[in-house]
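Got your viewer open? Let's take a walk through this structure, one selection after another.

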Amino acid sequence: MTTATTTTTTASSAASSTASSGGPSGGPARRRRWLPFSGWHLLLAPLTAVFAIPLIWLVLSSVMSNAEINRFPPALWPSRIDLGGYRYVIGNALFPRWFANSLIVSAVAVASNLLLGSLGGYAFARMRFAGSRVLLALMLATMAIPFQLTMIPTFLVMKRLGLIDTLGALIVPSLVTPFAVFLLRQFFLSLPRELEEAAWIDGCSRLRVLFLIVLPLSRPALSTVAVLTFLTTWNDLSWPLIAINHDTQYTLQLGLTTFQGQHHTQWSAVMAGNVITVLPVLLAFLFAQKSFIQSITSSGLKG
């Protein structure tokens, strides 16, 4: 009897061991032994390399001379490190002013979108008023209107306000975007109402509930709005090209176009300037990457 029990226990242990290892052939354990990473990396790694080629080419071109960049066939690798493009860009007296202008416009746009987008998103998520659904639908419909249809009315409004050729013309149209309101609304809908109801019982107003309870729980969505707003404002060229005339009010993207002339272009300076321009964008995305993914997966916008 004891022998039979021991045999049964041994067989059960062997069966469970085989099942946990993925079957007789080893299954996942065997695959992990031969492949120390997910099989998807075999597909994603080459795709990453393909997408990184333009950035690598930009960095390499920024340390080439103009002769190497204009040579045909083009040089794939610099013969020597030439920092003339960076010296030309940094030595330009207006370059720090352009950088500061872009930083001011982007920072104000990010702060206003976080504040006004939070207020609008919370109103649409938690408050019910006459015409709220219609107003939300109209707001979302504006996201489908291309900029080319609105730039003339926007220019006329900015001209009436006396903001043309000032940084205000770049800031005012970017104070709040429909996407910021929509994304924050979707995230607020995913938060439990019980937390807010408990605060209301304690006598908190809606604004205090929003700023003291809801927003601290919405950091992933706020980070996503901040990064996307920064990217859009920092990289914008078309609207500054229309609204700004004087070179002291240029943004960084608009200022870099002055390095391209009709008969001669400082390509090394253009590449070096673009490297300097890309760095803040790249750092902002890397800093908020986890929050960005968490926001998308929890706000109902995935798949």
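Start by selecting leucine 212, which counts as exposed because its relative accessibility is 53%, and the cut-off for exposed is over 50%. You'll find leucine 212 in helix α12. Before we go on, keep in mind that this is a predicted model.

Now add some company to your selection: Leu115, Leu116, Leu119, Val176, Leu207 and Phe211. Together with Leu212, these residues make a nonpolar surface patch of about 590 Å². Colour α6 and α12 (206-217) as well, since each helix supplies at least two residues of the patch.

**Into the core**

Time to go inside. In soluble globular proteins, nonpolar side chains tend to be buried together. Which residues touch the most other members of the largest nonpolar core here? Select Tyr86, Val89, Phe95, Trp98, Leu170, Phe230 and Phe259: out of 32 core residues, these are the ones. Next, show the elements that each give two or more residues to this core: α5 (84-91), α6 (95-126), α9 (168-171), α13 (219-234), α14 (238-243), α15 (252-256) and α16 (267-287). With eight residues, α16 gives the most.

Zoom in on tyrosine 86. Skip everything up to four places away in sequence, and you'll see that tyrosine 86 touches Ser62, Val63, Ala272, Val275 and Ile276. There is also a second core, separate from this one, with 16 residues. Pick out Leu183, Phe187, Leu210 and Leu215, which are among its members.

**A bridge between helices**

How many salt bridges does the structure hold? Just one. To see it, select arginine 126 and glutamate 196, whose closest N and O atoms are 2.8 Å apart. Arginine 126 is in helix α6 and glutamate 196 is in helix α11 (residues 193-201), so the pair links distant parts of the chain, 70 residues apart.

Are these two partners buried or exposed? Arginine 126 has 7% relative accessibility, so it counts as buried. Glutamate 196 is at 3%, so it counts as buried too. The cut-off behind both calls is under 20%.

**Along helix α6**

Stay on helix α6 and select serine 102, which is found there. Serine 102 counts as buried because its relative accessibility is 4%. Which residues is serine 102 in contact with, leaving aside neighbours within four places in sequence? Show Trp234, Thr251 and Leu252 to see them.

**A buried glutamate**

Jump to glutamate 68, in helix α4 (residues 66-70). This glutamate 68 is buried, with a relative accessible area of 10%. Display serine 79 next: a polar contact of 2.7 Å joins the two side chains. Serine 79 isn't the whole story, though. Not counting residues up to four places away in sequence, glutamate 68 touches Ala75, Trp77, Pro78, Ser79 and Arg80.

**Last stop: an unusual backbone angle**

Finish at aspartate 165, in the loop between α8 (147-160) and α9. Check the backbone angles at this spot. Most residues other than glycine have a negative phi. Aspartate 165 has a positive phi, near 70°. At 24% relative accessibility, aspartate 165 counts as partly exposed.

How values were computed. Residues numbered from 1 in each chain as written. Predicted model: local features only at pLDDT ≥ 70, side-chain atom pairs only at ≥ 80, totals over all residues. Heavy atoms only, no water. Core = buried A, V, L, I, M, F, W, Y, C linked by side-chain atoms within 4.5 Å. Buried < 20%, exposed > 50% of the residue type's maximum accessible area, 1.4 Å probe, protein only. Helix = DSSP H or I, 4+ residues; strand = E, 2+ residues; numbered from the N terminus. Contact = heavy atoms within 4.5 Å. Patch = residues over 30% accessible without salt bridge, like charges linked within 9 Å, V, L, I, M, F, W, Y side chains within 5 Å. Areas by Shrake-Rupley, 256 points an atom, 1.4 Å probe, with all protein chains shown as cover. Salt bridge = Lys/Arg side-chain N within 4 Å of Asp/Glu carboxyl O. Polar contact = N/O pair within 3.5 Å; in protein donor to acceptor, adjacent residues only side chain to side chain.
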